[in-house]
Amino acid sequence: MKLMTVLRIVFLYLLAVLVATLLGSLVQTQFNLAALQAMDVPVDLATRAQSSLHDLLTFTPIFVVMVAATLLLALPLAEVLGRIFKPWRWLLYFLGGFVGIWAAFTLANTLLPMPTFIAATRETSGLLSMMAAVGLGSALFGRLTKPKARRGLRVLG
């Protein structure tokens, strides 16, 4: 494989990790703020923005490790399956990240001492939203690495 091809794949992997991590971080922030609102804590737009920025600076470094490990395993598997099931390639990439981060959350919740590692994943809607965020990052990688369709020669006659 050519060096430029390898560098492109590494760059796209890092981009997918970044997108999935940023989306996931913002999702978990908003779910946590919604939980506070459910307890009648006022949350205005400024608080949402400040909390989002705070979590991007403090939660993202932890979450990026989970996402990077997840996609490191999920993307090659999605690629293999995508070559077999070509029409479903986009879905396989999405599901790779989606299911992969679920496995990572499950493992973290099993191994770590606290009941739930990421509070937003306590509820099904928060868990599914975090999974979708990573699925979108994974699907982005699949889209950006999609092989170009080969065009056959057309004989005019």
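Reader: Why is the contact of Arg89 with Glu79 called a salt bridge?

Author: In this predicted model, the closest N and O atoms of Arg89 and Glu79 are 2.8 Å apart, and since a salt bridge asks for a side-chain nitrogen of Lys or Arg within 4 Å of a carboxyl oxygen of Asp or Glu, the pair qualifies. The two residues belong to distant parts of the chain, with Arg89 in helix α4 (residues 89-111) and Glu79 in helix α3, ten residues apart.

Reader: What makes Glu79 and Arg83 a salt bridge?

Author: The side chains of Glu79 and Arg83 meet at 2.7 Å, taken from N to O, and the cut-off is 4 Å, so this pair is a salt bridge as well. Here both partners stand in helix α3 (residues 60-84), and because they are four residues apart, about one helical turn separates them. With this rule the count comes to two salt bridges, and Glu79, Arg83 and Arg89 are linked in a network of them. As a general matter, side chains of opposite charge can pair when their charged atoms come close.

Reader: How do you know which of Glu79 and Arg83 is buried and which is exposed?

Author: Glu79 has a relative accessible area of 18%, and buried means under 20%, so Glu79 is called buried. Arg83 has a relative accessible area of 59%, and exposed means over 50%, so Arg83 is called exposed. Arg89, the other partner of Glu79, is buried, as is Glu79.

Reader: Which residues of α4 are buried, and what covers them?

Author: The buried residues of α4 include Arg89, Leu92, Tyr93, Phe94, Gly96 and Gly97, and what covers the buried residues of this helix includes α3 and α5.

Reader: How do you know that the span of α4 is close to what is expected?

Author: Helix α4 has 23 residues and reaches 33 Å from its first C-alpha to its last, and this is close to the 33 Å expected at 1.5 Å a residue.

Reader: Why is the ring pair of Tyr93 and Phe141 called tilted, and how many aromatic pairs are there?

Author: The count comes to four aromatic pairs. In the pair of Tyr93 and Phe141, the distance is 6.1 Å centre to centre, with 40 degrees between the planes; centres within 6.5 Å make a pair, and planes neither under 30 degrees nor over 60 degrees apart count as tilted, which is why that word is used. This pair, too, links distant parts of the chain, for Tyr93 is in helix α4 and Phe141 in helix α5, 48 residues apart. Tyr93 has a relative accessible area of 1% and Phe141 one of 8%, so with the limit at 20% both are buried. Elsewhere, ring pairs link Phe59, Phe63 and Phe105 into a cluster.

Reader: What makes Ser138 a buried residue, and which residues does it touch?

Author: Ser138 lies in helix α5 (residues 124-144), and its relative accessibility is 0%, so it falls under the 20% limit and counts as buried. Not counting residues up to four places away in sequence, Ser138 touches Leu71, Leu75, Tyr93, Phe94, Gly96 and Gly97. With Tyr93 there is also an approach of polar atoms, in which the backbone oxygen of Tyr93 lies 2.5 Å from a polar atom of the side chain of Ser138.

Reader: Why is Ala74 called buried, and what is it in contact with?

Author: Ala74, which has its place in helix α3, has 9% relative accessibility, and this is under 20%, so Ala74 counts as buried. Leaving aside neighbours within four places in sequence, Ala74 is in contact with Gly96 and Gly97. The C-alpha atoms of Ala74 and Leu95 are separated by 8.7 Å, although these residues are 21 residues apart along the chain.

Reader: How do you know that Ser52 is buried, and where does it lie?

Author: Ser52 is in helix α2 (residues 45-58), and its 11% relative accessibility is under the 20% limit, so Ser52 counts as buried. A polar atom of the side chain of Ser52 lies 2.8 Å from the backbone oxygen of Arg48. Apart from neighbours within four places in sequence, Ser52 is in contact with Leu26, Thr29 and Gln30.

Reader: What is the average pLDDT of the protein chain, and which elements have the lowest and highest means?

Author: The protein chain averages a pLDDT of 92, and 94% of the residues score at least 70. Among the elements of the chain, α4 has the lowest mean pLDDT, 95, and α5 the highest, 97.

Notes: Residues are numbered from 1 along each chain as its sequence is written. This is a predicted model: local features need pLDDT of at least 70, side-chain atom pairs count only at pLDDT 80 or more; totals for chains, interfaces and linings use all residues. Side-chain values use heavy atoms; hydrogens and water are left out. Buried means under 20% relative accessible area, exposed over 50%, partly exposed in between (1.4 Å probe, protein chains only). A polar contact is a pair of N or O atoms within 3.5 Å; within protein, one must be able to donate a hydrogen and the other to accept it, and residues adjacent in sequence count only if both atoms are side-chain atoms. Contact means heavy atoms within 4.5 Å. pLDDT is the predictor's confidence in each residue, from 0 to 100. Rings of Phe, Tyr and Trp (its six-membered ring) pair if their centres lie within 6.5 Å; planes under 30 degrees apart count as stacked, over 60 as edge-to-face and the rest as tilted. The expected span of a helix is 1.5 Å times one less than its number of residues.
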